[in-house]
Amino acid sequence: MYRLYSHNDLDGVGCGILARLAFGTNVDVRYNSVQGLDFQIERFLEKDRLDDVLLITDLSVHSENEKKLTEFVDKGGNVTLLDHHKTALHLNETSWATITVKYEDGRLASATSLLYDYLLQNNELERTQPIDEFVELVRLWDTWEWEKNEALKAKRLNDLFFMISIDEFEERMVKRLQEKESFSFDEFEEKILDMEETKIERYIRRKRRELVQTFIGEHCAGIVHAESYHSELGNELGKECPHLDYIAILNLGSKKISFRTIHDHIDVSEVANHFGGGGHAKAAGCTITEEAYKLYIDEPFTIEPLRMDAFRNQHNNKANEAGSLYVDHQDNRFFIYLLQSEKWVLEKNQSTESYFSSYQEAERHIKRQYAAWLVRDEMYVQYLAQAVLAAKRSKGTEQ
Ligand SMILES: [Mn+2]
């Protein structure tokens with residue numbers, strides 16, 4: 001009997017699907033959370049199943065289980081662990097684990113792609129076009145390579161994974177990979193994926209209007225309360241407001257904060273760490289401690305949401321050398337214009353505040369310090385007319 005213990009995300013379940021294709025009913029597949037695997041392994045080892053073939057994918061074991069698995073293998077047990085997480089690299093020292101973060105050609109590995117290679121090498125599975133495509137989509141998703149390759153199909157595969165149960169997903173995929181000549185979504189799936197996409201877009205637009213910004217420590221943080229779609233929200237809000245160092249997404253029900261950043265120079269795992277949490281450089285989380293409650297909920301509670309830049313302007317556009325006008329909640333007016341090559345002037349209420357070598361730097365400054373937004377054309381025209389008039393009048397009094 002084969003046993004596959006894998007992760008309960010798309011990459012982990014991708015491994016389950018490949019195992020199903022290779023071993024049919026002769027495999028017992030269990031999906032675990034990161035914390036759940038060690039418990040599952042302990043139960044397996046207690047039964048001392050020397051006839052079984054144990055495969056562990058997309059997860060790693062703690063040091064005590066590492067020791068126990070080595071003992072189990074030494075007395076004849078059959079164990080293979082395949083993973084691609086950097087944190088598991090030390091397991092390469094054992095005889096039963098292979099951790100591959102990157103392929104030789106530079107592509108990042110995923111558990112599903114590693115298990116596919118393994119099954120092909122051991123002649124447990126035959127290479128086919130649809131399986132190739134499916135494995136590549138899972139790999140693109142799990143390694144985030146889909147973003148730069150704009151492989152939307154990979155994102156949609158993961159969306160589908162979350163919309164139906166794991167059992168149904170597994171069943172649908174196994175059937176498709178056995179029967180079809182290429183991998184695609186069926187009509188029903190396309191329909192619900194389109195609906196889901198629209199729903200996410202609307203959700204993000206609504207949440208954008210609730211976004212507030214404040215300085216927490218050295219960082220300029222965007223704060224939003226949301227229960228769902230944290231990855232999409234963090235990504236979209238981050239891209240729309242690149243002056244924010246990171247986005248903190250709060251869920252009061254679960255008492256959790258998710259941190260997301262689009263910037264390479266920000267490490268949100270350090271932010272999460274400060275409150276006893278952890279994660280990756282671009283995505284991390286923690287529970288809402290008393291300190292975090294004060295900083296992310298209590299103090300920002302009275303801050304007005306960050307307004308959006310006017311987007312249908314003909315005249316008041318960004319990086320306009322003749323000038324762009326912004327305001328803030330205190331009704332301060334900010335005017336940015338080009339004085340000479342690489343010298344942009346920032347005026348606050350018509351007196352020069354500072355100089356910047358690029359428009360982007362000037363805008364970043366007023367957005368971070370004042371949460372200012374680009375105003376609509378009407379206000380821009382009014383502002384310029386008043387400035388012209390004021391100049392004429394002051395000239396008139398001189399004469
Ligand atoms: Mn993975």
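Colleague: What distance separates the centres of domain 2 and domain 3?

Modeller: Happy to help: this is a predicted model, where local features need pLDDT of at least 70, side-chain atom pairs count only at pLDDT 80 or more, and totals for chains, interfaces and linings use all residues. Residues are numbered from 1 along each chain as its sequence is written. The protein divides into domain 1 (2-185), domain 2 (210-302) and domain 3 (324-398), with bounds from an automatic or database domain assignment. Taken over C-alpha atoms, the centres of domain 2 and domain 3 are separated by 31 Å.

Colleague: At roughly what angle do the axes of helix α4 and helix α5 cross?

Modeller: Helices are DSSP runs (H or I, at least four residues), numbered from the N terminus. Axes are lines fitted to C-alpha atoms over the stretch in contact, with angles from 0 to 180 degrees between N-to-C directions. The axes of α4 (residues 111-121) and α5 (residues 129-142) come within 8 Å, and they cross at roughly 145°.

Colleague: Which residues of α5 make that contact?

Modeller: Two residues are in contact if their C-beta atoms, placed from the backbone, lie within 7 Å. From α4 come Thr-112, Ser-113 and Tyr-116, and from α5 come Val-135, Val-138 and Arg-139.

Colleague: Which helix gives the largest nonpolar core its largest share?

Modeller: Such a core joins buried Ala, Val, Leu, Ile, Met, Phe, Trp, Tyr and Cys residues through C-beta atoms within 7 Å, buried meaning 20 or more other C-beta atoms within 10 Å of a residue's own. This core has 51 residues, and Leu-18, Leu-115 and Trp-141 are among those touching the most other members. Its largest share, eight residues, comes from helix α1 (residues 10-23).

Technical notes. Helices (H or I, at least four residues) and strands (E, at least two) are DSSP runs, numbered from the N terminus. A residue is buried if 20 or more other C-beta atoms lie within 10 Å of its own, exposed if 12 or fewer, and partly exposed in between; C-beta atoms are placed from the backbone.
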